[in-house]
Amino acid sequence: MTIAIRPAAPADAADIDAVLTGCFPRPDEAMLVKQLAIDGELVLVLVAHDEERREVAGLVALSRMQAEIGGDAVPAVAMAPVAVLPEFRRAGVAEALIAGAIEQMRKAGALLLFVLGEPGFYERFGFSAETAQGFDSPYAGPFFMALELQGGLPCGPKGAARHADAFAALAGDA
Ligand SMILES: CC(C)(COP(=O)(O)OP(=O)(O)OC[C@H]1O[C@@H](n2cnc3c(N)ncnc32)[C@H](O)[C@@H]1OP(=O)(O)O)[C@@H](O)C(=O)NCCC(=O)NCCS
């Protein structure tokens, strides 16, 4: 299979919806991405496109966050959801999507990338619960991780790390 990682185009909307409904037991994640788009909170969606089968195999969505350090806002982004259709799994598609997301957000100048997920999977990219620790978030805990994208954070106490409002409708994880 030949997978290309590229920004989602408007014509991918139906495929993105199909991947999300195919990857999660509830419709919440598909609704989340739609609501983020409606609210203008999406920073970027990257899709993994199977060039031979001409279909979207997976995606990662990146949305604006409001994070504070020392009382000042710092540019921060949430990475959620990450999804790869079952028939394309365990071939590094998610890894390629996440590596692409990190690269794009680093280039864009974001300081922190937050994720909620399995530490065993996300630690390989440099995400750590330690980096997210101290931020005030309803997701705070061992599964709430962050990655420093520019090699250093401003000094001062960590404040809120607020996801976009659309996340409030999620019943489970982000
Ligand atoms: C989580 C998810 C995105 C992973 O997608 P994926 O494309 O299979 O992920 P990758 O292939 O990049 O890596 C997954 C595993 O496969 C392994 N792998 C990668 N290439 C491989 C290969 N060629 N052969 C065997 N294993 C391989 C990776 O090392 C990794 O192993 P580990 O996590 O067990 O240590 C996918 O399973 C999914 O969509 N799940 C449902 C939705 C979900 O839970 N999303 C995350 C929360 S938002």
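These legends accompany several views of a predicted model.

**View 1. The whole chain, element by element.** The chain holds five helices and seven strands. Read from the N terminus, the order is β-α-α-β-β-β-α-β-α-α-β-β. The C-alpha trace spans about 50 × 30 × 25 Å along its principal axes. A compact globule of 174 residues would have a radius of gyration near 16 Å, and the chain agrees, because its own value is 16 Å.

**View 2. Burial, surface and charge.** Of the 174 residues in the chain, 46% count as buried. The accessible surface comes to about 8,500 Å². Carbon and sulfur atoms account for 52% of that surface. The chain carries 13 positive and 23 negative charges. The mean positions of the two sets are 3 Å apart.

**View 3. Contacts across the sequence.** This view concerns contacts between residues at least 6 apart in sequence. Of these contacts, 69% join residues at least 24 apart.

**View 4. The annotated domain.** An unreviewed UniProt entry lists residues 3–150 as "domain: N-acetyltransferase". In the model, residues 3–150 are 31% helix and 35% strand. The C-alpha atoms at the two ends of this stretch are 28 Å apart.

**View 5. Helix α2 and its packing.** Helix α2 covers residues 28–38. Its buried residues are D28, E29, A30, L32, V33 and L36. An α-helix has 3.6 residues a turn, so residues three or four places apart point the same way. The buried residues of α2 pack against one helix, α1 (13–23), and against the strands β2 (42–50), β3 and β4 (72–84). Just after α2 comes G40, with a positive phi of about 70°.

**View 6. S63 within strand β3.** S63 is found in strand β3, which runs over residues 55–69. Is S63 buried or exposed? S63 is buried, because its relative accessible area is 0%, and the cut-off for buried is under 20%.

**View 7. The surroundings of S63.** Which residues touch S63, leaving aside its neighbours within four places in sequence? They are L36, E41, L42, V43, A76, V77, A78 and F167. One of them, L36, is also among the buried residues of helix α2. The buried residues of α2 pack against β3, the strand in which S63 is found.

Note on methods
Residues are numbered from 1 along each chain as its sequence is written. This is a predicted model: local features need pLDDT of at least 70, side-chain atom pairs count only at pLDDT 80 or more; totals for chains, interfaces and linings use all residues. Side-chain values use heavy atoms; hydrogens and water are left out. Helices (H or I, at least four residues) and strands (E, at least two) are DSSP runs, numbered from the N terminus. The radius of gyration is taken over C-alpha atoms; the globule rule is 2.2 Å times the number of residues to the power 0.38. Buried means under 20% relative accessible area, exposed over 50%, partly exposed in between (1.4 Å probe, protein chains only). Contact means heavy atoms within 4.5 Å. Accessible areas come from the Shrake-Rupley method with a 1.4 Å probe; for residues, only the protein chains shown count as cover. Lys and Arg count as positive and Asp and Glu as negative; His and the chain ends are not counted. The place of a charge is taken as NZ of Lys, CZ of Arg, CG of Asp or CD of Glu. UniProt positions are given in the numbering used here, feature names are shortened, and annotations may be inferred rather than shown by experiment.
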